[in-house]
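This report is a guided reading of a model with which the reader may not yet be familiar. It begins with one strand and moves on to a sheet, the domains, the chains and the interface.

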Amino acid sequence: MRPVLEVKNLKMYYNTRAGIVKAADDISFTLAQGESMGLVGESGCGKTSVSMSIMRLLAENANIVNGNIYFKGKDIVKLNDEEINKIRWAGIAMIFQAAMNSLNPVYKVGDQIIEAILAHEPNVTFEESRARVAELYKLVGLDPKRMDNYPHEYSGGMKQRAIIAMSLSCNPDIIIADEPTTALDVIVQDMILKEMAKIQKKLNMSMIYISHDIAVIAEVAEKIAIMYAGKIVELSDAVTVFKKPAHPYTVGLMSSFPSIHGEKKKLVTIPGEPPNLLNAPDHCRFAPRCPFATKECWEKMPLYEEISPNHFVACFHPQNLRKQVSKDA
Amino acid sequence: MPEVETSNATDVVIKVEHLKKYFPVRRGTFARAKQFLHAVDDLNFEVKKGEVIALVGESGCGKTTTGKTLLRLYEPTDGKITFLNRDVTCIHSAQDRKWLHSKSQMIFQDPFESLNPRKTIFDIVSEPMNVQNEGNLKQREKKVMDILNRVGISPPDTFLWRYPHELSGGQRQRVAIARALVMNPEFVVADEPTSMLDVSIRTQVMTLMMELIHEMHMTFIYITHDLAVARYMADYISVMYLGKMVEYGKTEEIIQNPLHPYTKALISAVPVPDPEFKRKSIQIKGGIGKAIDPPKRCRFYERCPFAKDICAKEEPMLIDVGEGHKVACFLYSKN
């Protein structure tokens, strides 16, 4: 399968008065047509910065200093404003964090979706776009009659569904969902995730899910990238990441998550706190918190390498860890 | 109404009988309240010394209101709260209030909002002692240092004169825990204390609280929406739905053998961090509503896939189905 999206050595830095913040540092991954990928990491690890780079929705002090983002063969980094505008929403749509609050309270929900359609497809008439919104409402499980309601008349889950309908309105190839269910209750979260997975299969879209919750990602993503301090530290298919993790941070993250299924196990904590990305060091950024760190880890940055087919890890000692874990088990 | 069976009175820390908390719903600025939101409706339970109970439910189910009412941060509408064998339903004097708050404390959800930004860490943590008129400045300082050390803020003397904005989220929540524990309370209510924290920090704070609970023999009510966290923290789980307790029992019993349809749906909706595990989720209709003057019937009636005729006519009671596992559902009543 030809990838719809290919991110190559992306470096996105913020210039601040205090120094340079390396929010996304040498990020590379590909996304195939119809594939769903999860981007997992703690707050401040750069996962939102990566998605904002893909959409080219960057703050004034943010620069893409290096790298390419190929969307269907075109390099997003090099496009001018007019060209990127054509790709936004029609090519790559995004569900923003706290999307429920991103609806405008003084406009009807349906009209807000129609506005998005008309902005990108000027040839479409108002009536056609209204019919399309009705279709989208049915697709995401909302009653088309609710189009003429205002956001405050919707519940949290309904707002989220409306936002999903809006992201689908221009038939994008890729949807980036940034923490799509974080503010929702479990039962609603479950419904929304199911709905999104169903729509994705039906329309054969590519999805990037961004979340801090590995349980949510495990449910929806086929491929998982674990981010730590501006870097992807591990990337592989979901089963490999969960069953054969090779990076100590991945292992720590997995074992620090309580699960409701299976035996009740003791949680392992990762000591310390995530680093500040301001003037980040040149050595492995996980070294201060890593139980397996050696002298090498404090001197150099580990390369992001393929240790087995389609399993990328940035660690000097992935094999040591394997041995350690099997010994413990 | 089945009464709560009275066990050995000495080891019951807090006992709640028919606790109700209604909030008036006003339709206009000067209008008299004609309707009431039944945030907590007829709760009966007791917590014994050293037990950790998790109150679980979706947002709006009344779990925070319950916690705040127990600590008398809210005035209960009706019912009786007995704390350490003293009736604290009505507090008449400042002395009583002081006594209550020297023995019971609360840890709040958001450490970014629960700490006063204009006060130093020392001021924040020593405030309970200030209120209780305990010790002189030297003794207070020592106590603050000890408790900060214990919650993992070290070295404590470098933190005493800092302000909350200089601390990370995890450190702030540790300070909030220190403030709650500095008076050695018998009873603590923690309201979603880890939901605002990062994943790796969350586990640290949870582990810390577990250690402290065992070390200080505290009685704990842990309010959370996350069943996986409740499973890790609590001895007992109580599931709430629209102001009612719908199920209560030992943690593993509730997780492995949920009885109430709502508990089943809730547990089946929790995502599992294992891509190979195929979850069978129970679909329930609609979303959680609001209990504004609810009709006298099962509050889960509209959403319940197993609803019977009787569910629309009567309210189910919380009945014991064996070994302390209680459920309020007509599917399990004998007749």
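## A covered strand in chain A

Strand E3 of chain A, residues 36–40, is mostly covered, since five of its five residues are buried. A residue is called buried if 20 or more other C-beta atoms lie within 10 Å of its own, exposed if 12 or fewer do, and partly exposed in between, with the C-beta atoms placed from the backbone. Helices (H or I, at least four residues) and strands (E, at least two) are DSSP runs, numbered from the N terminus. The model is predicted, and for that reason local features need pLDDT of at least 70 and side-chain atom pairs count only at pLDDT 80 or more, while totals for chains, interfaces and linings use all residues. Residues are numbered from 1 along each chain as its sequence is written, and chains are lettered from A and ligands numbered from 1 in the order in which they are written.

Within E3(A), A:Ser36, A:Gly38 and A:Val40 point one way, whereas A:Met37 and A:Leu39 point the other way, and all are buried. Two strands are said to pair if DSSP finds at least two bridges between them. The table lists three pairings in chain A, two of which involve E3(A).

| Strands of chain A | Sense | Bridges | Opposite residues |
|---|---|---|---|
| E3 and E8 (206–211) | parallel | five bridges | A:Leu39 and A:Ile210 |
| E3 and E9 (223–228) | parallel | four bridges | A:Gly38 and A:Ile224 |
| E1 (3–16) and E4 (62–71) | antiparallel | eight bridges | A:Leu5 and A:Phe71 |

## A sheet and a helix packed on it

Chain A also holds an open sheet of four strands in the order E2-E1-E4-E5, with antiparallel pairing. Its edge strands are E2 and E5 (74–75) of chain A, each of which pairs on one side only. Helix H1 of chain A, residues 47–55, packs on this sheet and touches E1, E2 and E4 of chain A, and the direction of the helix makes about 70° with that of E2(A). Such axes are lines fitted to C-alpha atoms, for helices over the stretch in contact, and the angles run from 0 to 180 degrees between N-to-C directions.

A contrast to the covered strand is found at A:Phe126, which lies in helix H4 (residues 126–139) of chain A. A:Phe126 counts as exposed because it has 11 C-beta neighbours inside 10 Å. Although A:Phe126 and A:Glu115 are 11 residues apart in sequence, their C-alpha atoms are 9.3 Å apart in space.

## Two domains of chain A

Chain A is divided into domain 1 (3–221) and domain 2 (248–329), with bounds that come from an automatic or database domain assignment. The centres of these two domains of chain A, taken over C-alpha atoms, are separated by 29 Å. Across their boundary, 13 residues of domain 1 of chain A are in contact with nine residues of domain 2 of chain A, where contact is understood as C-beta atoms, placed from the backbone, lying within 7 Å. On the domain 1 side, E2 (19–32) and helix H7 (214–220) of chain A each supply at least two residues, and E2(A) gives the most, with seven residues.

## Chain B and its interface with chain A

Chain B has 10 helices and 12 strands, and its C-alpha trace spans about 65 × 55 × 50 Å along its principal axes. Of the 335 residues of chain B, 47% count as buried.

Where the chains meet, 33 residues of chain B are in contact with 33 residues of chain A. The elements that give two or more residues to this side of chain B are H6 (199–215), H7 and H9 of chain B, and H6(B) gives the most, with six residues.

Helix H9 of chain B, residues 261–268, is mostly covered, with six of its eight residues buried. The buried residues of H9(B) are B:Pro261, B:Tyr262, B:Thr263, B:Ala265, B:Leu266 and B:Ile267. Their cover includes helix H6 (186–203) of chain A, together with helix H7 (227–233), strand E9 (236–241), strand E10 (244–250) and helix H8 (251–256) of chain B.

Methods: Contact = placed C-beta atoms within 7 Å.
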